[in-house]
Amino acid sequence: MNNFFKKISFGLHLDPMVEKINGHRRYIPEGKKAVLIIYADFELGWAWRYSKINGDPGRLAEIKGLNERKNVPYILDACDNYSIPVTWATVGHLFLDKCIKGGVSAHPEIKRYGYFENLFWKYESGDWFDADPCTDVKTNPAWYCPDLIKQIRAVRTEHEIGCHTFSHIDCSDENCPPDVFDSEIKECIRLASAEGIELKSFVHPAHTIGNLDGLIKNGFNSYRTDYNNILGYPEKYNGKLWHFKSTWEFVLFKEWSIRYHINRYIEILRRALMNETVCVFWFHPSMDIRFFEEVFPSVCEYINRNREIIEVTTASGYADFLEKNGL
Ligand SMILES: [Zn+2]
Ligand SMILES: [Zn+2]
């Protein structure tokens with residue numbers, strides 16, 4: 001859909017789609033009219049190595065990684081100004097301050113899958129970790145960032161560190177065997193727990209949904225999808241794993257004015273309040289920083305003003321609420 005039609009379908013209330021279910025109130029805390037969760041897919045260079053959108057994915061990965069590094073402190077400040085918590089779905093490799101080539105390739109402890117192509121990536125030669133510089137955070141800051149993870153945990157606002165696999169893999173059942181998924185996730189859990197972090201919330205890279213039983217086995221209690229733009233309610237997979245549905249991505253389209261962007265996100269929140277739903281926003285921290293300078297503060301100001309009726313929480317905060325209520 002081009003950006004003009006996005007405006008039209010938004011104006012007609014077709015996007016985001018509003019779910020109607022019986023007994024919806026049980027998903028919204030008492031006294032509130034909506035739930036808001038904001039996710040950051042935190043990955044530095046890892047997401048872009050096999051990208052099909054650029055002729056030189058290695059260079060794109062560096063640029064995106066360094067951009068993200070530059071942006072994260074601004075994003076944290078913006079969140080602190082309005083006490084807005086974010087669920088940082090973090091690539092496990094970012095916990096490392098260095099790594100070395102073990103034998104012939106990087107990370108021999110991580111199992112590998114075969115070559116594949118999906119909507120966004122094409123992996124057709126070499127080793128999955130070929131782009132890993134196997135150096136350290138000082139030499140190649142686009143591939144490691146324990147410093148930023150520490151910053152996220154040190155700020156006033158209580159953010160959540162979630163999981164986005166160890167090396168930003170395709171998690172679909174079609175491309176990722178359970179033992180590969182398991183070795184990636186186990187490494188994330190090992191690195192996070194060394195920092196005293198318990199990983200509970202998961203985001204599949206590029207929304208390659210799969211290996212859900214592997215998530216349950218490893219103690220996760222939620223994941224996020226993006227099948228459609230939805231203002232709706234969570235569902236539960238296998239009685240154990242909460243499924244949260246994306247409402248809209250934070251974007252900055254050059255065809256739209258700053259004012260329109262602000263009004264649009266506020267209008268989405270208004271619709272969440274009017275229909276008493278869950279609203280899930282997500283973004284790439286490598287995005288144009290002007291979003292956080294010019295759009296985000298006004299949206300946060302609206303959220304803050306309506307805090308009494310909007311439950312502003314993290315993915316695991318919301319999963320805890322659902323569990324406590326016997327859902
Ligand atoms: Zn490495
Ligand atoms: Zn990602």
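Helix α2 has 26 residues. From first C-alpha to last, α2 reaches 36 Å, close to the 38 Å expected at 1.5 Å a residue. The model is predicted, and every value below is computed from it. Helix α2 is kinked by about 35 degrees at N71. The proline P73 comes shortly after that kink. Buried positions in α2 are P57, A61, E62, K64, G65, E68, V72, I75, L76 and C79. The list includes the charged residues E62, K64 and E68. Cover for the buried residues of α2 includes α3 (146–154) and α7. Just after α2, S83 adopts a positive phi of about 50 degrees.

Helix α7 spans residues 290–305, 16 in number. The distance from its first C-alpha to its last is 22 Å, close to the 22 Å expected at 1.5 Å a residue. Helix α7 also bends, by about 45 degrees at F296. A proline, P297, follows within four residues of the bend. F296 is itself buried, as are F291, F292, V295, V299, C300 and I303 of α7. The elements covering these buried residues include β2 (34–42), α2 (57–82), α6 (258–275) and β16 (310–313). Helices α2 and α7 thus appear in each other's cover.

Strand β2 is largely enclosed by the rest of the structure, because nine of its nine residues are buried. A residue counts as buried when 20 or more other C-beta atoms lie within 10 Å of its own. The side chains of β2 alternate in direction. A34, L36, I38, A40 and F42 point one way. V35, I37, Y39 and D41 point the other way, and both sets are buried.

Strand β2 has several parallel partners. Strand β15 (residues 278–283) runs parallel to β2 and is joined to it by six bridges. In that pairing, I37 stands opposite V280 of β15. Strand β16 pairs with β2 in the parallel sense over four bridges. There, I37 stands opposite T313 of β16. I37 therefore has a facing residue in each of two strands, V280 in β15 and T313 in β16, and is one of the buried residues of a strand that is buried at nine of nine positions. Strand β16 is covered on both faces. I310 and V312 lie on one side of β16, E311 and T313 on the other, and all four are buried.

Strand β3 (residues 87–90) pairs with β2 as well, in the parallel sense and over four bridges. Y39 of β2 has T87 as its bridge partner in β3. The chain gets from β2 to β3 by way of α2, and this β-α-β crossover is right-handed.

The secondary structure of the protein chain amounts to eight helices and 16 strands. The radius of gyration is 19 Å, close to the 20 Å that the globule rule gives for 327 residues, so the chain is as compact as a globular protein of that length. Along the principal axes, the C-alpha atoms fill a box of roughly 60 × 45 × 40 Å. Of the 327 residues, 40% count as buried. Contacts between residues at least 6 apart in sequence were also examined. Of these, 76% join residues at least 24 apart.

Several loop residues stand out by backbone geometry. D15 and P16 are joined by a cis peptide bond, with omega about -5 degrees. P16 sits in the loop between α1 (3–11) and β1. C134 has a positive phi, near 50 degrees, and is not a glycine. The loop between β7 (122–123) and α3 holds C134. C134 counts as partly exposed, with 16 C-beta neighbours inside 10 Å. A206, also not a glycine, has a positive phi near 50 degrees. It lies in the loop between β9 (201–203) and α5 (212–217). A206 is partly exposed, with 19 other C-beta atoms within 10 Å.

H24 belongs to the loop between β1 (17–18) and β2. H24 is partly exposed, having 15 other C-beta atoms within 10 Å. Leaving aside residues up to four places away in sequence, H24 touches Y233 and E276. H24 and F95 are 71 residues apart in sequence, and their C-alpha atoms are 39 Å apart in space.

How values were computed:
Residues numbered from 1 in each chain as written. Chains lettered and ligands numbered in written order. Predicted model: local features only at pLDDT ≥ 70, side-chain atom pairs only at ≥ 80, totals over all residues. Expected span 1.5 Å × (residues − 1). Bend = angle between axes of the 7 residues up to and from the residue. Buried ≥ 20, exposed ≤ 12 C-beta atoms within 10 Å, placed from the backbone. Contact = placed C-beta atoms within 7 Å. Pairing = 2+ DSSP bridges. Right-handed = clockwise from strand over helix to strand, strands pointing away. Rg over C-alpha atoms; globule rule 2.2 N^0.38 Å.
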